[in-house]
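Visitor: Could you take me on a close look at the empty spaces inside this protein? I am in my first year, so please go step by step.

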Amino acid sequence: MTRERVAGGKPVSRPGGAVPPPAAGAEDEQLIRSLRPKRLDECIGQARVISALKIGLQAARDRGEALDHVLLHGPPGLGKTTFANVIATEMATGIVTTSGPALERGGDLMGILTNLNRGDVLFIDEIHRLPRAVEEFLYPAMEDFCVNFVIEKGAHARSLRYTLRPFTLVGATTRAGLLSSPLRDRFGITQHLDFYPVEDLTRVVHRSASILGVPVTDEGAAEIARRSRGTPRIANRLLRRVRDFAQVRSDGAISVEIAREALEFEGVDPLGLDGQDRDVLRTIIQVYGGGPVGIEALAATLNEEVDSLVEMVEPYLLKIGFLTRTQAGRRVTAQAAEHLGLAVPERGGRGQGTLFS
């Protein structure tokens with residue numbers, strides 16, 4: 001049985017225990033959880049990551065030890081949280097979930113660490129955003145399963161050493177380059193999650209559709225997969241939107257025609273670009289003459305946060321070759337301009353005349 005807890009909350013047993021009904025506001029989150037694989041054998045794609053985890057998990061179980069600390073990095077929506085929960089399930093232990101920004105002081109982490117049972121998984125999302133003081137507090141906990149804390153002050157200050165039960169830290173980050181070297185080196189298993197090919201995403205759509213009880217043809221599943229930006233989370237979100245469309249506009253079954261019509265209605269084009277992606281590309285072409293443009297200037301023009309562009313928009317545009325990064329800034333490629341039906345000016349734009357003319 002896997003016990004799942006959120007830092008600061010009470011344990012929740014699953015499966016097999018009495019689980020309270022979800023609140024109305026948690027309905028969507030409950031649905032997302034139901035689509036997530038529970039064990040490694042249920043996971044699709046990321047073969048290299050799965051193979052590495054299988055070896056590490058089997059070795060840890062054979063020795064009766066906690067799994068080595070695991071660092072998972074890659075773009076959002078590729079399964080970092082899912083793998084953390086799968087690790088806890090495979091090790092038959094509990095999991096405590098928190099995030100880097102939520103841990104403001106060493107005392108916040110101290111309360112979590114001292115309540116971990118032997119072999120439990122501590123999952124820290126956005127671990128690159130840990131404050132420096134909390135990160136340094138974490139070093140001895142990861143290496144020696146102990147924490148050192150100071151009581152009293154001045155001449156009466158004393159350092160106490162508290163021994164922890166062995167645990168597994170699973171860190172997730174979308175920006176591995178922002179991790180400090182001392183923290184990164186303390187992870188025994190480091191794996192990069194890459195975008196999924198269409199074939200794997202088609203299998204993901206079929207699996208999720210079977211869980212949701214939605215009939216979908218092979219061509220319909222492939223159409224959803226092609227427009228999912230290589231990301232299972234997006235594939236599941238689009239599947240739910242296509243399911244709703246098919247229920248209202250058709251007989252509830254998802255064919256390739258229904259999938260195309262529904263996704264066009266949602267503003268998702270054949271390459272998976274949505275309105276925000278097209279706005280970014282169009283702005284660089286029409287306002288900045290195709291680039292280069294600094295990310296801060298681009299974010300200000302679009303009235304978006306820099307982090308949103310860097311973490312949510314850019315990775316896929318870079319992956320498909322629609323955007324390039326240079327020392328001078330971001331530049332749109334000819335393929336992107338052709339896809340939008342626009343021409344890249346021969347000279348970089350100066351000002352915003354082309355946008356409002």
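Guide: Happy to! A cavity is a set of grid points where a 1.4 Å probe fits but cannot get out, while a pocket is an open set with protein on both sides within 12 Å along at least five of seven lines. Rolling a probe the size of a water molecule over the atoms shows where empty space is left. Please keep in mind that this is a predicted model.

Let's begin with the enclosed space. Searching the whole structure turns up 1 cavity of 30 Å³ or more. The largest cavity holds about 30 Å³ of space. Around it you will find V280, I295, L298, L309, V313, E314 and L323. Sorted by class, that lining has 6 nonpolar residues, no polar ones and 1 charged one. Two helices, α12 (295–302) and α13 (306–319), each bring at least two residues to this wall. Of these, α13 gives the largest share of the lining, 3 residues.

Keep your eye on α13 as we turn to the open spaces. The largest pocket has a volume of about 1,100 Å³. Its lining counts 50 residues, and P76, G77, L78, T231 and R233 are the ones nearest its centre. Two or more lining residues come from each of α1 (27–35), α3 (80–90), β8 (168–173), α7 (198–212), α9 (232–249), α11 (275–286) and α13. Once again α13 stands out, since it gives the most to the lining of this pocket, with 7 residues. The mix of classes here is 20 nonpolar, 13 polar and 17 charged residues.

Now pick out α3, one of the elements that line the pocket. This helix is mostly covered, with 10 of its 11 residues buried. The buried ones are K80, T82, F83, A84, N85, V86, I87, A88, T89 and E90. Just past the end of α3, A92 has a positive phi of about 55°.

Two residues of α3, F83 and I87, lead us into the packed interior. Along with I224, I254 and L281, they have the most contacts inside the largest nonpolar core, which has 72 residues. The largest share of this core, 7 residues, is supplied by α9. A second, separate core has 25 residues, including I127, L164, L169 and F187. Back in the largest core, try clicking on I254. Leaving out residues up to four places away in sequence, I254 touches V214, P215, V216, T217, G220, I224, L239, V242, R243, A246 and A259.

I87 also takes us to a loop residue, L67, because the two are in contact under the rule of heavy atoms within 4.5 Å. L67 sits in the loop between α2 (47–63) and β3 (70–73). With a relative accessibility of 4%, L67 counts as buried, because buried means under 20%. Setting aside neighbours within four places in sequence, the contacts of L67 include G56, L57, A60, M91, F167, T168 and I189. The C-alpha atoms of L67 and P166 are 9.2 Å apart, although 99 residues separate the two along the chain.

Finally, step back to the whole protein chain. It has 15 helices and 11 strands. Of its 357 residues, 46% are buried. Among contacts between residues at least 6 apart in sequence, 69% join residues at least 24 apart. The accessible surface comes to about 17,900 Å², and 51% of it belongs to carbon and sulfur atoms.

Key:
Residues numbered from 1 in each chain as written. Predicted model: local features only at pLDDT ≥ 70, side-chain atom pairs only at ≥ 80, totals over all residues. Heavy atoms only, no water. 1 Å grid on protein atoms, 1.4 Å probe; cavity = no way out; pocket = protein on both sides within 12 Å on 5 of 7 lines; lining within 4 Å. Points joined across faces, edges and corners; volume = space filled by probe spheres on them. Helix = DSSP H or I, 4+ residues; strand = E, 2+ residues; numbered from the N terminus. Nonpolar A, V, L, I, M, F, W, Y, C, P; charged D, E, K, R; others polar. Buried < 20%, exposed > 50% of the residue type's maximum accessible area, 1.4 Å probe, protein only. Core = buried A, V, L, I, M, F, W, Y, C linked by side-chain atoms within 4.5 Å. Areas by Shrake-Rupley, 256 points an atom, 1.4 Å probe, with all protein chains shown as cover.
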